[in-house]
Amino acid sequence: MASTPPGQRRLDILQALAEMLEQPKGDKITTAALARKLGFSEAALYRHFASKAQMFEGLIEFIESSVFGLINQIAERHDDGLTQARDIVGMLLHFASQNPGMTRVLIGEALVNEDDRLQLRMNQFYDRVELALKQALRVAATEGHGREEEVAPRAAMLASFVIGRWHRYAKSGFKNNPTQDAPLHIALLLG
């Protein structure tokens, strides 16, 4: 019998948790149900994660590394600030559409009744996304697209648009794809 590579079991647990979060009903996920899905005991879960909160932290770490890695790539690929802002918003919407379970983490729905520090961490995530949008819009302002005093309110508006689309997607049972008509919406917001 082949042994599981180190860290693989942790990844399997996180993947199973993300899959459970994709269920449109959004029932509270218990460690017992997660262990059942994986076919092993709750004690085995706790050999890899000290708590359910730590499992959610693993999902948040995946979200952060994926999203901010992509934001950095967008900034490196495009000098134009408006293009950066457009692509960041589009990427955030696409990320949710490709990761429905993660969308429930992004909007905090999956974190209700979990450790408060998880929602605080997601709030910091939103702040970092808004900061990335501000940086792109500042570049756009120096290029003559908008004024410096519009940067912060426009970044807040774009972040709110994204979060709103994520909510709509999750609350529709993942039927209202956040990317639907996104290029037009983003163009209107950046116009």
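Is D87 buried or exposed? In this predicted model, D87 is buried, because its relative accessible area is 19% and the cut-off for buried is under 20%.

**Salt bridges**

The partner of D87 is R86: the two residues form a salt bridge in which the closest N and O atoms are 2.9 Å apart. R86 has a relative accessible area of 42%, so this arginine counts as partly exposed. The pair therefore joins a partly exposed arginine to a buried aspartate.

The count of salt bridges in the model comes to 12. Side chains of opposite charge can pair when their charged atoms come close. Three of the salt bridges are set out below.

| Salt bridge | N to O distance |
|---|---|
| R117 and E57 | 2.7 Å |
| R86 and D87 | 2.9 Å |
| D115 and R117 | 2.5 Å |

R117 appears in the salt bridge with E57 and also in the salt bridge with D115. Through these shared partners, E57, D115 and R117 are joined into one network.

What does the pair of R117 and E57 tie together? The side chains of R117 and E57 meet at 2.7 Å, N to O. R117 belongs to helix α7 and E57 to helix α4 (residues 52-77), so their salt bridge ties together parts that are 60 residues apart in sequence.

The members of the network are not alike in exposure. E57 is buried, with a relative accessible area of 17%. R117, at 36%, is partly exposed. D115 is partly exposed as well, its relative accessible area being 33%.

**R121 in helix α7**

Helix α7 spans residues 116-142, and R121 is placed in it. The side chain of R121 makes a polar contact of 2.8 Å with the side chain of E64. Leaving out residues up to four places away in sequence, R121 touches E57, I60, E61 and E64. E57, one of these, is also the salt-bridge partner of R117. An α-helix has 3.6 residues a turn, so residues three or four places apart point the same way.

**Helix α5**

How many of the residues of α5 are buried? The number is 14 of 18, and the helix is mostly covered. Helix α5 runs over residues 81-98. At 1.5 Å a residue, its 18 residues should span 26 Å, and the end C-alpha atoms lie 25 Å apart, so the two values agree.

**Cavities**

Searching the whole structure gives two cavities of 30 Å³ or more. The largest cavity holds about 50 Å³ of space. Which residues line the largest cavity? The lining consists of L137, A141, H145, G146, R147, E150, V151 and R154. Both α7 and α8 contribute to the lining of the largest cavity, each with at least two residues.

**K175 in a loop**

K175 sits in the loop between α8 (151-171) and α9 (182-190). Is K175 buried or exposed? K175 counts as exposed because its relative accessibility is 67%, and the cut-off for exposed is over 50%. From C-alpha to C-alpha, K175 and A53 are 28 Å apart in space, and they are 122 residues apart in sequence.

Key. Residues numbered from 1 in each chain as written. Predicted model: local features only at pLDDT ≥ 70, side-chain atom pairs only at ≥ 80, totals over all residues. Heavy atoms only, no water. Helix = DSSP H or I, 4+ residues; strand = E, 2+ residues; numbered from the N terminus. Buried < 20%, exposed > 50% of the residue type's maximum accessible area, 1.4 Å probe, protein only. Polar contact = N/O pair within 3.5 Å; in protein donor to acceptor, adjacent residues only side chain to side chain. Contact = heavy atoms within 4.5 Å. Expected span 1.5 Å × (residues − 1). Salt bridge = Lys/Arg side-chain N within 4 Å of Asp/Glu carboxyl O. 1 Å grid on protein atoms, 1.4 Å probe; cavity = no way out; pocket = protein on both sides within 12 Å on 5 of 7 lines; lining within 4 Å. Points joined across faces, edges and corners; volume = space filled by probe spheres on them.
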